[in-house]
Amino acid sequence: MRRATITLGIASAASTLTALPLGKLQMESLSGAGFVAVLILAAATAIAGLLRLRPLAVVSGLGFLGVALFELVQLATTDANALGGSLSTVSMQFAFGLGVIAVASMTRKAQA
Amino acid sequence: MKAVTSSPSQLAAAALPADRVARVALAVARMLAGLLWIQNLSWKSPTGPNFGGLHEWTENAVNHPVFAPWAWTVEHIVLPNFAAFAWMTLIVETCLGAFLLVGLATRFWAAIGLAQTVAISLSAVNTPGEWFWSYALMFALHLAILGAAAGRTFGLDGVLRPAWRTRRGALAKLLTAVS
């Protein structure tokens with residue numbers, strides 16, 4: 001479980017590379033603020049795994065889900081795009097939020 | 001194909017290839033399938049009426065029909081209620097990308113990916129400029145992920161499945177079945 005959380009943190013940080021302008025290899029898009037938000041959450045996830053801090057993992061997982069939801073709401077209801085994302089960004093951040101929360105929830109059950 | 005574990009029950013439950021290269025290849029295939037859906041969300045939009053071009057692509061099922069009953073369904077059911085179908089498409093494809101990328105409930109989402117591939121193929125294969133084999137390869141990719149339970153190798157299914165299998169709850173049983 002610990003290794004899975006660390007891996008998700010590292011993977012989410014690495015995923016920001018796919019937001020760089022790489023032509024057909026670009027998978028998502030992020031503004032400067034979007035990069036910062038994802039990298040902070042990635043660091044929090046990796047630290048949560050390293051130090052076995054389940055509450056921090058839950059917070060970072062919810063943070064990823066919050067980023068995905070915020071992006072979706074902005075895309076659907078306003079002309080603003082603070083995180084510079086697209087629906088690809090929604091899916092990518094949803095993936096990491098889902099993953100971190102799933103691992104954290106099983107960690108709690110394993111400890112109980 | 002040899003398995004990593006040795007007891008008969010573990011063999012039946014896990015059935016992972018013993019070869020590390022095979023396991024890595026399966027994981028890469030699964031993650032690429034996830035990225036396929038994620039990247040192809042970029043041109044879609046959650047605002048109507050065109051949803052970033054999704055309406056035009058859906059019309060191809062009618063303008064360049066592949067299978068008459070499907071063309072009829074799109075023309076008389078999907079297009080008149082397009083907003084609902086567009087949102088359903090966006091939600092399904094968002095989940096496909098997310099779940100396949102991290103390898104969670106992988107067999108279920110691979111099956112959904114197969115169904116979505118069929119739906120897209122029936123709409124797009126006869127559209128000028130489209131290559132039939134790209135859709136066939138997409139189908140084959142999801143079929144391999146489904147058949148090999150690719151989330152169990154370098155995916156969250158592999159991490160969480162042992163815990164799900166020891167629990168009695170309905171959700172744990174469901175997740176065990178779809179992973």
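These are my notebook entries on chain B, its second largest pocket, its contact with chain A, and a few single residues.

**Entry 1: chain B as a whole**

I began by noting that the model is predicted, and then turned to chain B for its secondary structure, which comes to nine helices and zero strands. Reading along the sequence, I wrote the pattern down as α-α-α-α-α-α-α-α-α. For the extent of the chain I took the box filled by its C-alpha atoms along the principal axes, and this is roughly 55 × 35 × 30 Å. Chain B has 179 residues, and buried residues make up 43% of them. I also looked up how contacts span the sequence: among those in chain B between residues at least 6 apart, 63% join residues at least 24 apart. The area that chain B exposes is about 8900 Å², with 69% of it supplied by carbon and sulfur atoms.

**Entry 2: the second largest pocket**

My next stop was the second largest pocket, for which I noted a volume of about 800 Å³. There are 30 residues lining this pocket, and those closest to its centre are B:Leu54, B:Thr89, B:Glu93, B:Gln116 and B:Ile120. I then asked which helices of chain B each supply at least two residues of the lining. They are H2 (20-39), H3 (54-63), H4 (68-78), H5 (82-102), H6 (106-124) and H7 (132-148). H5(B) gives the most, with seven residues. By residue type, I recorded the lining as 20 nonpolar, seven polar and three charged residues.

**Entry 3: B:Ile120, from the pocket list**

I followed up B:Ile120, one of the residues closest to the centre of the second largest pocket, and found that B:Ile120 lies in helix H6 of chain B. Is this residue buried, exposed or partly exposed? With a relative accessible area of 25%, B:Ile120 is partly exposed, because that class takes in values between 20% and 50%. Leaving aside neighbours within four places in sequence, I listed B:Trp37, B:Glu93, B:Tyr135 and B:Met138 as the residues in contact with B:Ile120. Among these, B:Glu93 also appears with B:Ile120 in the list of residues closest to the centre of the pocket. I checked one further pair, B:Ile120 and B:Ala61, which are 59 residues apart along the chain and whose C-alpha atoms are separated by 8.8 Å.

**Entry 4: where chain A meets chain B**

For the contact between the two chains, I noted that 26 residues come from chain A and 26 residues from chain B. The area buried between them is about 2000 Å², and carbon and sulfur atoms give 79% of that. On the chain A side, A:Met27, A:Leu87 and A:Met106 lose the most area to chain B, together 27% of what that side buries.

**Entry 5: two residues with positive phi**

Last, I looked at two residues other than glycine that have a positive phi, the one being A:Arg52, near 55°, and the other B:Ala149, near 50°. I placed A:Arg52 in the loop between helix H2 (32-50) and helix H3 (54-77) of chain A, and B:Ala149 in the loop between H7 and helix H8 (156-166) of chain B. I then looked up how accessible each of them is. A:Arg52 has a relative accessible area of 62% and is therefore exposed, whereas B:Ala149, at 2%, counts as buried.

Note on methods:
Residues are numbered from 1 along each chain as its sequence is written. Chains are lettered from A and ligands numbered from 1 in the order in which they are written. This is a predicted model: local features need pLDDT of at least 70, side-chain atom pairs count only at pLDDT 80 or more; totals for chains, interfaces and linings use all residues. Side-chain values use heavy atoms; hydrogens and water are left out. On a 1 Å grid over the protein atoms alone, a cavity is a set of points where a 1.4 Å probe fits but cannot get out, and a pocket is an open set with protein on both sides within 12 Å along at least five of seven lines; lining residues have an atom within 4 Å of a point. Grid points are joined across faces, edges and corners, and a volume is the space filled by probe spheres set on the points. Helices (H or I, at least four residues) and strands (E, at least two) are DSSP runs, numbered from the N terminus. Ala, Val, Leu, Ile, Met, Phe, Trp, Tyr, Cys and Pro count as nonpolar, Asp, Glu, Lys and Arg as charged, and the others, Gly among them, as polar. Buried means under 20% relative accessible area, exposed over 50%, partly exposed in between (1.4 Å probe, protein chains only). Contact means heavy atoms within 4.5 Å. Accessible areas come from the Shrake-Rupley method with a 1.4 Å probe; for residues, only the protein chains shown count as cover. Buried area is the accessible area (1.4 Å probe) that two parts lose on being put together, summed over both.
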